[in-house]
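Grab a pencil and open the viewer. Below are some short exercises, each with a solution you can follow step by step.

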Amino acid sequence: MKQRSGGSLDALTGLRFLAALHVVLFHFGTPCIQGVAPEWMVQAVASGYASVGVFFLLSGFVLAYNYVDAAGGMQTPPRAFWSARVARVYPVFLLMFLLSAVATAQGSLAANSVPVAAAKLTTAGLTTLLLLQSWVPKLALYWNPPSWSVSVEAFFYAVFPALAGRLERFRGARMAAALAGVWLLGLLPPVLYMVLRPDGPGTLSAAFGGTWLAVVKFNPLMRLPEFLLGVLLGLVFVRERAAAAPRRSGAVMALAGAALLLVGFSRGASIPYPLMHNALLAPASGLLVYGLARGGGPLGQVLARPWLVHLGGASYALYLLQYPVSELVHWMQRFVDLSSPTRFLAALLVLLVPASVAVHRWVETPWRTRVRRGLQPWVEGTAAQAASARVAPSA
């Protein structure tokens with residue numbers, strides 16, 4: 001992870017791996033421990049969907065740390081920022097789109113006639129390639145389900161330069177009010193859903209939720225407050241680092257945030273699903289992220305171990321590879337007995353972790369440089385236009 005002079009955010013990179021692994025265990029690991037592990041542990045694994053919110057907050061924090069100055073202004077021109085973001089996310093995203101194509105087509109053909117399947121695949125494919133699928137509830141999970149969150153992140157990237165230009169006035173009490181306000185704003189959609197129940201009675205869980213619950217869960221505007229909370233916390237941290245005050249340890253904050261998250265995850269069954277899915281645990285995530293950014297004490301030391309940081313660097317690939325690799329494991333069942341959930345999960349992890357490291361090394365890293373180089377003329381065009389405007393004679 002990029003770092004400024006005088007400090008490192010390696011612990012946050014290690015946290016990314018644990019958050020991605022939590023999502024993978026939610027998708028594939030819950031049946032392995034039901035009836036075996038304590039109930040709190042089962043619920044902690046079954047609440048892995050909530051770790052996507054950790055990613056959203058962490059994304060806002062890191063972007064503010066890397067691109068915003070202490071005054072609250074953007075340090076990088078918007079086109080340069082967008083170029084860096086496209087180069088960061090799109091090569092792996094496109095690879096996962098292609099790897100998911102066969103399974104997606106097979107599923108659509110099994111459920112629809114050929115003309116209908118072709119229409120759905122074309123619509124979903126184009127929408128996904130444009131990173132717009134999270135705006136369409138029925139398409140959010142159609143093509144490689146975890147990629148819905150990349151679509152949400154794409155919206156965050158699109159609006160970040162404009163948001164960064166409006167942060168200067170948030171200081172002191174106004175900053176505290178803004179932090180509380182964006183959290184409450186994030187809670188508003190799930191609370192309204194619970195009160196109004198637009199999908200009908202008895203639709204407060206993932207199993208029975210309908211179109212409106214999908215909007216609450218996946219629509220980028222519904223998840224923007226979690227990202228904003230991270231951006232504001234990142235600005236607070238940038239200002240703290242820029243001040244001459246003695247450096248403070250984040251050990252207590254990090255441990256408190258981690259403990260609150262663990263309690264929330266382990267009580268997932270007793271917390272309304274819409275709240276759990278969206279912003280309820282965002283303050284705990286914020287404590288954890290901010291504490292780790294300060295150093296994190298013993299927890300930060302563990303998360304900053306080189307092997308965990310290396311896996312954290314590959315966490316984006318791990319997150320997007322989980323379903324394509326699971327399809328490979330399903331195919332392997334023809335030759336190896338992987339019928340039990342535990343064997344299936346073991347085979348998945350044995351393949352998924354090395355595959356994510358390989359994709360990070362041989363796809364994500366080199367293609368990031370190539371895409372940025374390819375977009376450089378577009379980035380430099382902005383600077384050239386600005387320079388021309390400065391020297392042009394007035395009319």
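**Exercise 1.** In this predicted model, find which residues touch the most other members of the largest nonpolar core.

*Solution.* Start with the core itself: the largest nonpolar core holds 101 residues. Within this core, Leu12 and Phe160 touch the most other members. Next, look at what the helices give. Helix H4, residues 51–67, gives the most to this core, with 12 residues. Now zoom in on Phe160 and skip its neighbours within four places in sequence. You're left with contacts to Leu63, Ala64, Tyr67, Val68, Met74, Phe81, Phe227 and Val231. Finally, there's another core lying apart from the big one. This other core has five residues, among them Phe97, Leu121, Ala124 and Trp143.

**Exercise 2.** Work out how helix H9 is oriented relative to helix H10.

*Solution.* Two packed helices are described by the angle between their axes and the distance between the axes. So let's get both numbers. The axes of H9 (residues 172–196) and H10 (residues 211–218) come within 9 Å, and they cross at roughly 165°. An angle over 145 degrees counts as roughly antiparallel, so H9 is roughly antiparallel to H10. The crossing of H9 and H10 is left-handed. Who makes the contact? From H9 it's Pro189, Pro190 and Tyr193, and from H10 it's Trp212, Leu213 and Val216. Sort the residues of this contact by class and you get six nonpolar, no polar and no charged.

**Exercise 3.** Do the same for helix H1 and helix H3: find how they are oriented.

*Solution.* First the numbers: the axes of H1 (residues 10–28) and H3 (residues 39–46) come within 7 Å and cross at roughly 105°. Angles of 65 to 115 degrees count as roughly perpendicular, so H1 is roughly perpendicular to H3. Then the residues: His22, Leu25 and Phe26 in H1 meet Ala44, Val45 and Ala46 in H3. By class, the contact of H1 with H3 has five nonpolar residues, one polar and no charged.

**Exercise 4.** Leu131 and Arg197 both sit in loops. For Leu131, decide: buried or exposed? For Arg197, what is the relative accessibility?

*Solution.* Take Leu131 first. You'll find Leu131 in the loop between helix H7 (114–129) and helix H8 (148–164). Its phi is near 60°, a positive value in a residue other than glycine. The relative accessible area of Leu131 is 13%, and under 20% means buried, so Leu131 is buried.

Now Arg197, which is in the loop between H9 and H10. Arg197 isn't a glycine either, although its phi is positive, about 45°. At 36% relative accessibility, Arg197 falls between the 20% and 50% cut-offs, so Arg197 counts as partly exposed.

**Exercise 5.** Find how many residues separate Pro78 from Phe160 in sequence, and how far apart they are in space. Then repeat this for Val302 and Leu15.

*Solution.* Pro78 is in helix H5, residues 78–99. With a relative accessibility of 36%, Pro78 counts as partly exposed. Along the sequence Pro78 and Phe160 are 82 residues apart, while in space they are 8.7 Å apart, C-alpha to C-alpha.

For the second pair, start in helix H15 (residues 297–303), where you'll find Val302. Val302 is partly exposed, with a relative accessible area of 43%. Val302 and Leu15 are 287 residues apart in sequence and 9.9 Å apart in space, again C-alpha to C-alpha.

Technical notes. Residues are numbered from 1 along each chain as its sequence is written. This is a predicted model: local features need pLDDT of at least 70, side-chain atom pairs count only at pLDDT 80 or more; totals for chains, interfaces and linings use all residues. Side-chain values use heavy atoms; hydrogens and water are left out. Axes are lines fitted to C-alpha atoms, for helices over the stretch in contact, and angles run from 0 to 180 degrees between N-to-C directions. Helices (H or I, at least four residues) and strands (E, at least two) are DSSP runs, numbered from the N terminus. Angles under 35 degrees count as roughly parallel, over 145 as roughly antiparallel, 65 to 115 as roughly perpendicular and the rest as oblique. A crossing is left-handed if the near helix is turned anticlockwise from the far one by less than a right angle, and right-handed if clockwise. Contact means heavy atoms within 4.5 Å. Ala, Val, Leu, Ile, Met, Phe, Trp, Tyr, Cys and Pro count as nonpolar, Asp, Glu, Lys and Arg as charged, and the others, Gly among them, as polar. A nonpolar core is a set of buried Ala, Val, Leu, Ile, Met, Phe, Trp, Tyr and Cys residues joined through side-chain atoms within 4.5 Å. Buried means under 20% relative accessible area, exposed over 50%, partly exposed in between (1.4 Å probe, protein chains only).
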